[in-house]
Amino acid sequence: MKRKILVALLAISACVSGAFGLAACDKGNNETHGEWGTDYSVQSAYALAKDLGYTGSLEEFIETISGKDGADGKDGVGIDNAYIDEEGCLILVLTDKRTINCGKISTSAVENQNFQYVTIKENNEVTGYSIVGIKTGTVIDSDLIIPSTYQGKPVKEIAEGAFKDCKHFTSVTVPDSIVKIGDSVFSGCTDLVTAKLGAGVKEISRGAFEVCRSLKSVTIGKGVMSIGVSAFEGCSSLTSINLPDGVTSIGNSAFEYCSSLESISIPDSVTSIGSYTFKGCSSLESITIPDGITSISDSAFYGCSSLESISIPDSVTSIADYVFYGCSSLTSVTIPDGITSISESAFRGCSKLTSVTIPNSVTSISESAFRGCSSLTSITIPDSVTSIGNMAFSDCNSLASITFNGTKAQWKAIGKGSSWGYPTPNYVIHCTDGDLEKSD
């Protein structure tokens, strides 16, 4: 007859952590169940033992548990608990308080048995598994290796927040079988140093590695097509990253406050850069924007204080507000012919910017566009410009001349209501259409 057996994994003592370099992670719920709920047969107990690394047959397992008089639980004896001892052995605690030592299991088996799974079904058939967390009271090695299979089926997904705020593991390897990782999957894993994502992952999801402050190196699989919102936000130790060909979009705040990021390779396949993408990347010295980019969203490079130069491709038709605000090391910038407006505070605080060429396509220069560009000595404004916003050149202490290629009427329209904010009155206005008087 089948006997119901309740199986619970015990928390492993500190001596286990010392012996194997393992560390606990309080992830998952507090229910004492595995994949099978709370009703267990001998077969399901055997499946649990195999998950823990047991390699014997079902018959050997039954004999180990109950002996010749207790096969299949006929003597009323079942499994009360299962755990791994300080020697790395699988220990079964029977309901009559006896313990059975099933022998040592391998480290890889320990790694694979720690996870909580849910089934993935298609047409009511189990086609794979999703990892939803770590079993309560179990331990993980410092190298977190996600298994590619479970119970003969592929492990396809890692659920949202599965490892959020887990400490102690320093590396993670995601196999090619994983096609989806949920939002915030490794968020707050502050001890994580390296991460490797397999080729099956299509998207690095929202907040996937957010605030992983120790993360220094990430290998992104060739299948990734998008970098989600805040995917690496706050990864203050990340120094470089290569995005594979095929990535088409970089989400808002994707690398915000990655303060150690010195370089990044953006493939030609990328067509959009979101808001605040590189905000606060104070170590970023150079970046090449690919020709496929059509727009740069607001504050994309806000506070990139080490950025010295940037070339904006001709494909870009708009630069949003605050794009280069606070890029205090920026000395030169090329604005392409397709730009029609220089947005609010676009170059504000670029204190080392010495020269800017504004193309004939620009019709407006917005409020505070070049405010605080204290090294800017001259600027030529084309006749296409019909409006200049308040304080557009305020605090440009070194600006000695502005060249206008427009008419006097145009100049009056430009100047009306504008606060230029020059500290001295001896600047010069040049015009190709005759003398102009300073506008009030």
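Start by selecting Phe-232 and showing everything it touches in this predicted model. Skipping residues up to four places away in sequence, you should find Ile-204, Phe-209, Leu-215, Val-218, Ile-220 and Ile-227 among its partners. Add Leu-238, Ile-241, Ala-254, Phe-255, Glu-256 and Cys-258, and the list of contacts for Phe-232 is done.

Now widen the selection to the largest nonpolar core, which has 95 residues. Which of its members touch the most others? Phe-232 is one of them, along with Phe-163, Phe-209, Phe-255, Phe-278, Phe-301 and Ile-365. Color those and keep them on screen for a moment. Next, light up the strands that feed this core with two or more residues each: β5 (115-122), β6 (125-134), β10 (153-158), β11 (171-174), β13 (194-197), β29 (378-381) and β31 (401-404). If you want just one of them, pick β6, the top contributor with three residues.

Zoom out to cartoon view. You're looking at a protein chain with 32 strands and five helices. It runs to 440 residues, and 48% of them count as buried. Switch on a surface and you get about 19,000 Å² of accessible area, with carbon and sulfur atoms owning 46% of it. If you like contact maps, take the contacts with a separation of 6 or more: 37% of those join residues 24 or more positions apart.

Back to the cysteines. How many disulfides does the chain have? The count is zero. Select Cys-281 to see one that is unpaired: its nearest cysteine sulfur belongs to Cys-258, 5.2 Å away. You already met Cys-258 as a contact of Phe-232. Cys-281 itself is buried, at 0% relative accessible area.

Then try Cys-304. Why is there no bond from its sulfur to another cysteine? The closest cysteine sulfur, in Cys-327, is 5.1 Å away, and a disulfide needs the two sulfurs within 2.5 Å, so that gap is too far for a bond. Cys-304 is buried as well, again with a relative accessible area of 0%.

Last stop: Ser-345. Look for it in the loop between β26 (341-342) and β27 (355-357). Is this loop residue buried or exposed? Ser-345 counts as buried because its relative accessibility is 0%, and the cut-off for buried is under 20%. To see its surroundings, show Tyr-322, Tyr-325, Glu-367, Ser-368 and Ala-369, which are in contact with Ser-345 once neighbours within four places in sequence are left aside.

Definitions and conventions. Residues are numbered from 1 along each chain as its sequence is written. This is a predicted model: local features need pLDDT of at least 70, side-chain atom pairs count only at pLDDT 80 or more; totals for chains, interfaces and linings use all residues. Side-chain values use heavy atoms; hydrogens and water are left out. A nonpolar core is a set of buried Ala, Val, Leu, Ile, Met, Phe, Trp, Tyr and Cys residues joined through side-chain atoms within 4.5 Å. Buried means under 20% relative accessible area, exposed over 50%, partly exposed in between (1.4 Å probe, protein chains only). Helices (H or I, at least four residues) and strands (E, at least two) are DSSP runs, numbered from the N terminus. Contact means heavy atoms within 4.5 Å. Accessible areas come from the Shrake-Rupley method with a 1.4 Å probe; for residues, only the protein chains shown count as cover.
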